[in-house]
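This briefing goes through the overall fold, the packing of the interior and a few points of backbone geometry. Please keep the sequence and the coordinates in view while reading.

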Amino acid sequence: QVQLVESGGGLVQPGESLRLSCAASGRIFSINAMGWYRKAPGKERELVATVASDGTTNYADSAKGRFTISRDNAKNTVALQMGSLKPEDTAVYYCNAVARLYSFTIYSNYWGQGTQVTVSS
């Protein structure tokens, strides 16, 4: 199994910044994509940003220009720097990794437990 542990959530005011971090551990052979998703109350989980092993990034339109995703392949970590936060960014943010374990030949999806981000004045 792959364990994803997130940190960095919290309560911030509109316009402020917040940085989320996620570390993957386990008998990991390799990780393909890593990313962040979020789920707001009453809404389905949605993509925020992803980063491939070669550094290629993909952002939701709502995140473009405000959020930056980064990754450290050597440490199996991914971070999301969020700026100019808005109340509509309030959600539980989930770390995701598409990873392959040493004992398997296929890649599988793994999720963290989620971290709450609340943007409110």
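Read from the N terminus, the elements of this predicted model follow the order β-β-β-β-β-β-β-β-β-β-β, and the protein accordingly has 11 strands and zero helices. The points below take up its dimensions and surface, then its nonpolar core, and finally two loop residues.

**Overall dimensions and contacts**

- The radius of gyration of the protein is 14 Å, which agrees with the value near 14 Å expected for a compact globule of 121 residues.
- Taken along the principal axes, the box filled by the C-alpha atoms comes to roughly 50 × 25 × 20 Å.
- Among contacts with a separation of 6 or more, 56% are made by residues that stand 24 or more positions apart.

**Surface and charge**

- Of the 121 residues in the protein, 40% are buried, while the accessible surface amounts to about 6,500 Å², with 48% of that area belonging to carbon and sulfur atoms.
- The side chains include 12 positive and 9 negative ones, and the centres of these two sets are 6 Å apart.

**The largest nonpolar core**

- The largest nonpolar core holds 32 residues, and within it Trp36, Leu80, Met82 and Tyr93 are the residues that touch the most other members.
- At least two residues of this core come from each of the strands E1 (2-7), E3 (18-26), E4 (28-39), E5 (46-51), E7, E8, E9 and E11 (115-119), and the strand that gives the most is E9, with six residues.
- Once neighbours within four places in sequence are left aside, the contacts of Leu80 include Trp36 and Tyr93, two residues that, like Leu80 itself, are listed with those touching the most other core members.
- Leu80 is also in contact with Leu18, Arg19 and Leu20, with Val48 and Ala49, and with Phe67, Thr68 and Ile69.

**Loop residues with positive phi**

- Most residues other than glycine have a negative phi.
- Asn76, which is not a glycine, has a positive phi near 55°, and its place is in the loop between strand E7 (67-72) and strand E8 (77-82).
- Asn76 counts as partly exposed because its relative accessibility is 22%, where buried would require a value under 20%.
- Ser84 likewise is not a glycine and has a positive phi, of about 50°, and this residue is found in the loop between E8 and strand E9 (91-101).
- With a relative accessible area of 45%, Ser84 is partly exposed, since exposed is reserved for values over 50%.

Definitions and conventions. Residues numbered from 1 in each chain as written. Predicted model: local features only at pLDDT ≥ 70, side-chain atom pairs only at ≥ 80, totals over all residues. Heavy atoms only, no water. Helix = DSSP H or I, 4+ residues; strand = E, 2+ residues; numbered from the N terminus. Buried < 20%, exposed > 50% of the residue type's maximum accessible area, 1.4 Å probe, protein only. Core = buried A, V, L, I, M, F, W, Y, C linked by side-chain atoms within 4.5 Å. Contact = heavy atoms within 4.5 Å. Rg over C-alpha atoms; globule rule 2.2 N^0.38 Å. Areas by Shrake-Rupley, 256 points an atom, 1.4 Å probe, with all protein chains shown as cover. Lys, Arg positive; Asp, Glu negative; His and termini not counted. Charge placed at Lys NZ, Arg CZ, Asp CG, Glu CD.
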